[in-house]
Amino acid sequence: MNLEEWRSQIKRGTLEFCVLLLISAKPRYGYELISRLERWPTLATKESTVYPLLRRLQKDGALTSFWQDTAEGLPPRKYYELTDEGRAYLDAMKAEWAGLIEAISELEGDNDDE
Amino acid sequence: MTMNNFMEKYLGEVDRRLRRLPVAERVDIVNELKSEIAELAAEGLSPSEIEARLGNAKELAAGYLGDAIAKSPRFSWRKLGLVAAFYSYAGLGGIIILPVTSICAAAFLLCGAVCPIIGAVNLVCELAGIDLPWVMFQIGGWTAGPALGFVLATVTGAVLIALGIACWKATVAFIKSVSGAKKKLEG
């Protein structure tokens, strides 16, 4: 019984889904993704996890990237966007997720009946 | 330390630790991190706050390498070494450590359970006046009487059971450490 451990397992299992969801809305850069996820303690993830994950998703063909200069005079940012393959992967994940949510709420419903 | 000094030192260290990766990939990684550090600095974070956030250079580089060891199909001596070390450890364990600890665990537990039972049988027979010449508690040339023998047998039994449990725990710990190492190897 360890809530911390359970939470970190959820985080590990859903990070890829969260990152792809964020990128599906529009191209985003690493720091932007990390600060978005930071808004929720359950999702907050470190740089040393997010950046390698982005590289892996790119190598697997789910993402492409491009460098873009900033208006604020900061160094260029590396933006990631979904490939068609990545979008199909994300759609499949969404379906799985909906199935999981439904299964859990059915389990909760079962308990209420008893 | 000024921001520029910090950035140079920190990214230099990350770069050095990533030297196993192709140059192009390394440059890309370092530029991406540089972009985030500039972003954090623009928000007013000091070099030490930035380092606290990113983790030290070693930790950060390990994130990339951990992924690389598991995913990269390319050959590397480090990977070969890790795999060889793992299978030597697991193989040696399978041949020597696991059989010894698991057999000892079973033997100790069995003897530990039987010992006090025999002591009790001896004591009951003595009280009932039945002669059991081949059951006694003996240490060297000295033989304990049935009552003392029962106490000693019980103590011996407890010690044996404790040993059995310790061996069993060692068996479980070894299996856990092997499967932990395997997971690490697979990323």
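In this predicted model, the largest nonpolar core comprises 43 residues. Within this core, A:Val19, A:Leu54 and B:Tyr10 have the most contacts. Helix H1 of chain A, spanning residues 3-25, is the main contributor to the core and supplies seven residues. A:Leu54 touches A:Val19 and A:Ile23. A:Leu54 also touches A:Gly30, A:Leu33, A:Leu63 and A:Tyr80. Residues up to four places away in sequence are left out of this list.

Chain A also holds an open sheet of three strands, ordered E1-E3-E2, with antiparallel pairing. Strands E1 (28-29) and E2 (63-68) of chain A form the edges, and each pairs on one side only. E1(A) is joined by two bridges to strand E3 of chain A, residues 77-82, and the two run antiparallel. A:Tyr29 stands opposite A:Tyr79 of E3(A). Helix H2 of chain B, residues 23-42, packs on this sheet. The helix touches E1, E2 and E3 of chain A. The directions of H2(B) and E3(A) make an angle of about 110 degrees.

H2(B) itself has 20 residues. From its first C-alpha to its last, H2(B) reaches 28 Å. This span is close to the 28 Å expected at 1.5 Å a residue. Just after H2(B), B:Gly44 adopts a positive phi of about 95 degrees.

Key. Residues are numbered from 1 along each chain as its sequence is written. Chains are lettered from A and ligands numbered from 1 in the order in which they are written. This is a predicted model: local features need pLDDT of at least 70, side-chain atom pairs count only at pLDDT 80 or more; totals for chains, interfaces and linings use all residues. Side-chain values use heavy atoms; hydrogens and water are left out. Two strands pair if DSSP finds at least two bridges between them. Helices (H or I, at least four residues) and strands (E, at least two) are DSSP runs, numbered from the N terminus. Contact means heavy atoms within 4.5 Å. Axes are lines fitted to C-alpha atoms, for helices over the stretch in contact, and angles run from 0 to 180 degrees between N-to-C directions. A nonpolar core is a set of buried Ala, Val, Leu, Ile, Met, Phe, Trp, Tyr and Cys residues joined through side-chain atoms within 4.5 Å. Buried means under 20% relative accessible area, exposed over 50%, partly exposed in between (1.4 Å probe, protein chains only). The expected span of a helix is 1.5 Å times one less than its number of residues.
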